[in-house]
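Visitor: I'm new here. Could you walk me through this one?
Guide: Sure, have a look first.

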Amino acid sequence: MILEPVPPYRPSHFRIKFATSPWERTACAALRRQVFCTEQRIFADDDRDAVDAHAIPICALSTLGGEADAVVGTVRIHEEQERPGAWWGSRLAVAGPFRGTAALGAGLIQVAVASAHARGCTRFLAHVQDRNVALFQALHWTRLDAVDLHGRPHHLMQADLAAYPPMHDPEHGLVTFRRAA
């Protein structure tokens, strides 16, 4: 489920990890539809594509009493089949109520790149929406090219793998704590 917080509920921390259970995968897909279809209207009904058949979904989970209770962020990663070592991140989404309240975007990017790095990644790329370029640059990414995707300005960007030590256990991931915007 996608959590819409009801005051005074505010999770103190979030776990960012590979989406391993069916409910996590279902909630990741629902969050992507919410962000890319309903909010941004980039896709009509669903944003799924051929990449989803082999991509690894990553989720950011809010916690309640120390237990995961909802997916509040997601991204997917995949290795190019025709170019081993070249990995991509895509469909980064954070639920509206959680944007700017935690390091969710940065945490999702960290797990995405570091887990790919542990799997032999030699180059990690993403098409980043124009408004998110500054975040990626702050996280050691370089802008390579400007492109138009789905009628929106994007930038082809590459992660500096030296800034992302390999994460060998992304099924457990990392914990990030809530902070004020």
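Guide: A nonpolar core is a set of buried Ala, Val, Leu, Ile, Met, Phe, Trp, Tyr and Cys residues joined through side-chain atoms within 4.5 Å. Buried means under 20% relative accessible area, with a 1.4 Å probe and protein chains only. This is a predicted model, where local features need pLDDT of at least 70, side-chain atom pairs count only at pLDDT 80 or more, and totals for chains, interfaces and linings use all residues. Residues are numbered from 1 along each chain as its sequence is written, and side-chain values use heavy atoms, leaving out hydrogens and water.

Visitor: Which residues touch the most other members of the largest nonpolar core?
Guide: They are I58, I77, L104, V113, F124, W141 and Y164, out of 46 residues in that core. The largest share of the core, eight residues, comes from α2.

Visitor: What is F124 in contact with, leaving aside its neighbours within four places in sequence?
Guide: Contact means heavy atoms within 4.5 Å. By that rule the partners of F124 include I77, V113 and W141, along with W87, W88 and M157.

Visitor: What makes α2 a helix?
Guide: Helices are DSSP runs of H or I with at least four residues, strands are runs of E with at least two, and both are numbered from the N terminus. α2 has 15 residues. The expected span is 1.5 Å times one less than the number of residues; α2 reaches 21 Å from its first C-alpha to its last, close to the 21 Å expected.

Visitor: Why is α2 called mostly covered?
Guide: Because 11 of its 15 residues are buried, that is, they fall under the 20% cut-off. Among them are L104, L108 and V113.

Visitor: What makes a hollow a pocket?
Guide: On a 1 Å grid over the protein atoms alone, it is an open set of points with protein on both sides within 12 Å along at least five of seven lines, and lining residues have an atom within 4 Å of a point. The largest pocket has a volume of about 900 Å³, counted as the space filled by probe spheres set on the points. Of its 41 lining residues, F36, R91, L92, A93 and N132 are the closest to its centre. β4 gives the most to this lining, with seven residues.

Visitor: How many residues line the second largest pocket from α1?
Guide: Four, the most from any element. The second largest pocket has a volume of about 150 Å³.

Terms used:
On a 1 Å grid over the protein atoms alone, a cavity is a set of points where a 1.4 Å probe fits but cannot get out, and a pocket is an open set with protein on both sides within 12 Å along at least five of seven lines; lining residues have an atom within 4 Å of a point. Buried means under 20% relative accessible area, exposed over 50%, partly exposed in between (1.4 Å probe, protein chains only).
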